[in-house]
Amino acid sequence: MATIQIKVNGENRTISGIDPKTPLLWALRDHLGLVGTKFGCGKGLCGACTVHFNGTAIRSCSTAVSAVESRSITTIEGLAEDADHLHPLQEAWIEHDVPQCGYCQAGQMMNAAALLSTNPKPSDEDIDNAMIGNICRCGTYTRIRKAIHSAAGNGGNA
Amino acid sequence: MKNELYKYDLIPDVDMPAEFVGKIEGYETTETDILDTSMARRQFLKLTGIAGGGLVLAFSMGSSPRAQAAHHGGKKETADLNAYVQIKSDGSVVIAAKNPEVGQGVKTFLPMIIAEELEVPWKSVSVVQSEIDQKRYGRQSAGGSQSTPRNWTPMREAGATARTMLIAAAAEKWGVNASDCMADQGYVVNKSNGKNLSYGDLASAAAKQTVPDPKSLKFKDRKDYKLLGKFVTGVDNHKLVTGQPLFGIDQRLPGMLNAVYVKCPSFYGKVKSANLDEVKQLPGVIDAFVIQGNSTDGELKPGVAIVAKTTYEAFKAEKALQVSWNIADASKESWSGFKKMAKELTANPGPVSEEIGSMDDAITGAYKVVDSYYTYPFLSHANLEPQNCAAWFRNGKMEIYAPTQTPQGIAGILARILPIKADDVEIKQLRGGGGFGRRLINDWVCEVAAIAHKINAPIKMTWTRETDMAHDFFRVGGFHNLKGTLDKKGKLTGFQDRTLVFTNKANGHPVRGGNIRAANLQCPEIPNVRMETHEIPLTTPCGWWRAPTSCSVGWVFQSFIHEMATAADRDHLEFLLEQFGEPRWMGNQTARDFNTERAINVTKLAAEKGDWGKKMKSGQGRGLSFYFSHLGYFTEVAEVTVDSLNNVKVDRVVVACDVGMLLNKSGGENQVEGSVIDGLSTMAAQEITFENGAVQESNFDNYPLLRLPVAPKIEIQWLTTDHSPTGLGEPAFPPLAAAVTNAIFDATGKRIYTMPISKEGFSFV
């Protein structure tokens, strides 16, 4: 058991009494109470658990919490600048009514946000390549694609 | 006698858990149970003031006489009431959404119906999930695409009643007749002088008005709708995109512990022994114990519970757990064994379950006979949110926090498996991360309740993906040895299906979604039809999977009709339309009876918008398929490009729909788009196999789901008809597979007989 410090959504957090091998996903959900990041497969196959690690999209179910010690993590709860200023992707997701069940969408948006941060105007092919790792069981892919394009047109490169 | 096929008025895909359909005769649902939107069962309608001024409209359906008495019992009245509509003095409106939300959009569109009739602007409406209470809300469930047809009239009545009383209150104030007033977006307007009063100002006075007789209510004319049919976004979208807790798995309770429940890989194996002492020593583990279970279908399977502080510690302990299973009574079933058995059994004549005309005569007189053998696999629901549930047993009461599709079934089951009373079970409805029929069965609720009953703390149980896939209630697989006959003119004269019907070992009825009938063919013009069915008892658990029965046989039959059209050297569209015959409404002309006019019209529309008959390039193909299920009429045209390596690119899918009218353009189209993608996902490479009673697939690496790059262009055409609106969770699914395999045939000349298409060497790109 260890005490681990991570920076989550700009805030320094200390987790004590944790097995350092605990996946970041469960550290976020069970230890920090940030349940927006979702558990889907536990093997990095579905992308529901996607978060940002120093700005890069990673699968938190397959990343030990010790591997991100002292580093900066952004989760869906921290994607918006603040409560009044949603990320362009979040606005686009609402406007295009992307979610059905909505379970995968946090991971989809975190992955899309990482895409837009390096490629503010992605082509269809760029979106295909970037989003292939995120499963939507309800099949909202056409709307996801539309919403990413829409957010990009919005200057969605935050 | 050809119409005899439809005398049952039965589209077997509407089967539902007994608890929620009411009467079940055998395994068939009765007609009255499916579409009872009459108000005969409505018990009372009541208004009461609320603190701070305002109006609460309570509206109860399906109440038992006992509940009615309770409500009329004086003091308790107010406390027992629950409201669909609450109008506050500032004019804001709260509308309760009664049914579970699992991604079908019901939490948005049922309140929309109320808001439309109430005549309020949607922006002044906030929606809350109602409590789970049969006495107050009648049936609350999410299944069978039934939320729309069952609630269409009651929701309109809820809105129209409140509107009528608000108008009456204004008329009283102004000293005019109600007929001199009209409602307009949150106001009542005096037609003679243009004066108005807001709903907020009228709410308290409205509460004192006489509740109108439902028969006297005037619903709005469809042409006057301001909200229904519009693109309305989901009421929970903001919470979803900002990661706020909504789902079952997000539930946290004070002092909550996390559990796993480990079951025998071979269905219904029992625990002989386990290394519990060792497991209890592991970090974070609080307790580990054996649960006997009752081995009843859909209830509590035998297993080992591990309770730990965190989910990860529970998962880790699960890996260290070693169980010696007693598999004497466990399933030994094998998918490969069933495949072999089916081939042998259907090679020879079997027991005739249905016959119209004489198939023997059709064969004797045939100009051409076509024989084909179709196979489709078992499937998992693969909800992206694995099954999970929280339970808290305290002071003799069991609180359940469940992302379920059937909340009202839980208390009864728990009272059977635990020493608690049904009345002591309280259900909190949480959002489900996908339903697709999996969460109609509450086996996972039984597990967490059994664990919580032993532990003095709230418990959340989470299944790993591997547990979820191994312990699903699967879509049943199937085999069809088909024979079709043509006369000299190329008319379809006979159809025969030699098939296996898997039956539930417990009751001898076809398994859920496994009731295969001649009516599934949906070709009322064929004069000679014979169904030969071998009943095979099955232990592997089967459940309702999106568009039960239709989801599998829709592909088989719509593909075979194309095969027959091809054998007759006729155009598929013209051949399919011929099978519908004259435009007419069959049977008793209820929503459940096949209406060939609607079938013809959606088929013609899909063909037109799908460029039917237009020439395509080499390597490209176009396919057509129709299906009527869950009260909806759908025809789909798929266009594909296939390369020499059998890589299939689905370029476009055109969907023509008739569900009466579309209630929410956004939510409705999302369901259709999702059904198309789910259809492709399923037919690409999904297959659940089992050997020695144990499922062989475990996660998304060996049970793949479709990914974004493969999603095709989807074009949806809505045919608006005067029929009452019906649901969209399921009916767009069944026609998809045949539209695609027929298109692949058009492109390549290769007929796909076995699902998924990966079995035949094809893949989607």
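# Close-ups of a two-chain model

At 46% relative accessibility, D701(B) counts as partly exposed; that label covers everything between buried (under 20% relative accessible area) and exposed (over 50%), using a 1.4 Å probe and protein chains only. This is a predicted model, so local features need pLDDT of at least 70 and side-chain atom pairs count only at pLDDT 80 or more, while totals for chains, interfaces and linings use all residues. Residues are numbered from 1 along each chain as its sequence is written, chains are lettered from A and ligands numbered from 1 in the order in which they are written, and side-chain values use heavy atoms, with hydrogens and water left out.

**View 1. D701(B) and K43(A) meet in a salt bridge.** The N to O distance is 4.0 Å; the rule asks for a side-chain nitrogen of Lys or Arg within 4 Å of a carboxyl oxygen of Asp or Glu. This pair crosses between chains, with D701(B) in the loop between β29 (694-695) and β30 (713-718) of chain B, and K43(A) in the loop between α1 and β3 (50-53) of chain A. Helices and strands here are DSSP runs numbered from the N terminus (H or I over at least four residues for helices, E over at least two for strands). Like its partner, K43(A) is partly exposed, at 41% relative accessible area.

**View 2. Chain A and chain B bury about 4700 Å² between them.** Buried area is the accessible area (1.4 Å probe) that two parts lose on being put together, summed over both. Carbon and sulfur atoms give 59% of the area buried here. On the chain A side, Q100(A), R137(A) and Y141(A) lose the most area to chain B, together 17% of what that side buries. Counting by contact (heavy atoms within 4.5 Å), chain A puts in 53 residues and chain B 63.

**View 3. Polar and charged pairs run across the interface.** Six salt bridges link chain A and chain B, one of them from D250(B) to K38(A) at 3.2 Å, N to O. There are also 27 residue pairs in polar contact, both residues at pLDDT 80 or more. A polar contact is a pair of N or O atoms within 3.5 Å; within protein, one must be able to donate a hydrogen and the other to accept it, and residues adjacent in sequence count only if both atoms are side-chain atoms. Which elements give two or more residues to the chain A side? They are α1 (24-31), α2 (88-95), α4 (124-131) and α5 (141-153) of chain A. The largest share, five residues, comes from α5(A).

**View 4. K665(B) and E669(B) pair up within a helix.** Their side chains meet in a salt bridge at 3.0 Å, N to O. The two sit four residues apart in α20 (residues 665-685) of chain B, so about one helical turn separates them. K665(B) is partly exposed at 34%, whereas E669(B) is buried at 13%. Elsewhere in chain B, a salt-bridge network links D611(B), R622(B), E639(B), R652(B), K713(B) and E715(B).

**View 5. E116(B) is a buried acid with a lysine partner.** The residue sits in helix α5 (residues 106-118) of chain B and has a relative accessible area of 2%. Leaving out residues up to four places away in sequence, E116(B) touches K220(B), D224(B), Y225(B), K226(B), L227(B) and L228(B). With K220(B) the side chains make a polar contact of 2.6 Å. M155(B) lies 39 residues away along the chain, with 9.7 Å between its C-alpha atom and that of E116(B).

**View 6. Helix α18 of chain B is largely enclosed by the rest of the structure.** Why call it enclosed? Because seven of the nine residues of α18 (residues 572-580) are buried: H572(B), L573(B), F575(B), L576(B), L577(B), Q579(B) and F580(B). These buried residues pack against β22 (478-486), β23 (492-504), α17 (550-567), α19 (596-609), β25 (620-629) and α21 (736-748) of chain B. At the start of α18(B), a side-chain oxygen of D571(B) comes within 3.3 Å of the backbone nitrogen of L573(B). Just after α18(B), G581(B) takes a positive phi of about 75°. For the wider setting, chain B has 21 helices and 31 strands, and 66% of its 765 residues count as buried.
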